Structures are given as structure tokens and as C-alpha cells.
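Happy to walk through this one with you. Let's take a look at the fold and talk about its side chains.

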Amino acid sequence: METPLLVLEAHYNKKNSSRCALYPDRVVLSTQSTSRLMAIYANRTREIPLADIEKVVISSGGMGFFSRHPNAIHFIVKGSRRTLDDMLRDPKFHSSDYIDEGVQQFCPHSQQELTAQIALASRIKDYIEQEKNRDRLSPAGP
């Protein structure tokens, strides 16, 4: 079993969590819920090849409940239409749908946890950008 390079985990509450695992060639997003009544997430997994990622956006809205921006990392792929702010402002767009848009929420429970999650998300973003630059600079194959 392959070991991820970096893992960002977030716990919405005791029964709902999400995970973003960075591998050398892909990002794997997963959401899990063990709640029957208050399921925030569905039990789903999505793999995004690094080659499909056009841009990585990190957003931090702070710790307030009514923050103006979401706390998340967004892997924008070909065909993406929504920004993180679009998703946050759309009352019909639910947290369970973030995985479809390539979003990993942070769900921090303290400012210290938010700072650590942003630092980890920055390392993920830097790795992806380095790999994409390396691919652009490598000579074409035979």
C-alpha cells in the first residue's frame, strides 16, 4: 500500500470527517460520515491526477461562524466552474458536495489548528506547483 506524501484531515464533528492525501501523481479526497441523523458528508472518495489540476487555491476566512470566506484548499481542474466564494454563498450548495468540486475543508476548532492546516495546505500546493513546473520543463519523450 502506497504511503501518502502529505495528509490533511479535518473533523467537522465527531461523526463527520474529510481527508486530503497527496501522492506523487495524484490527490485523493475522501469524506466519511458515521452519523445517521446529522450526516454532513457522504462516504465518498475522489482521485484527482496532478496533471488535471490547473490551479490550487487556499482560502482562509478565520474562525468566525459567519466568516466571509471558507477555510479550505480548492483543487481547480479543467471544467471547474465555481470558486470557493461561489460555493460558500450558494445556500443550495452543501458541504457534502465540496468533494465534487475538488475542495478539502479545514474545519478548524482553534486558531492554532487553522494555522497548522493552512501551513500543510501550502506545502501541498507548493508540491503540486513544483511537479507541474517540472512536467513543463522536461523534454518531450520519444
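Helices (H or I, at least four residues) and strands (E, at least two) are DSSP runs, numbered from the N terminus. This is a predicted model, where local features need pLDDT of at least 70, side-chain atom pairs count only at pLDDT 80 or more, and totals for chains, interfaces and linings use all residues. Residues are numbered from 1 along each chain as its sequence is written, and side-chain values use heavy atoms, with hydrogens and water left out.

Q: In which helix do Glu-131 and Arg-134 both lie?
A: These two form a salt bridge (a side-chain nitrogen of Lys or Arg within 4 Å of a carboxyl oxygen of Asp or Glu), with the closest N and O atoms 2.7 Å apart. They sit 3 residues apart, about one turn of the helix, and that helix is α2.

Q: Is Glu-131 buried or exposed?
A: Buried means under 20% relative accessible area, exposed over 50%, and partly exposed in between (1.4 Å probe, protein chains only). Because its relative accessibility is 16%, Glu-131 counts as buried.

Q: Which element supplies the largest share of the largest nonpolar core?
A: A nonpolar core is a set of buried Ala, Val, Leu, Ile, Met, Phe, Trp, Tyr and Cys residues joined through side-chain atoms within 4.5 Å. Here the largest one has 21 residues, and Ile-124 and Ile-128 are among those touching the most other members. Strands β1, β2, β3, β5 and β6 each supply at least two residues, as does α2. The largest share, 6 residues, comes from α2.
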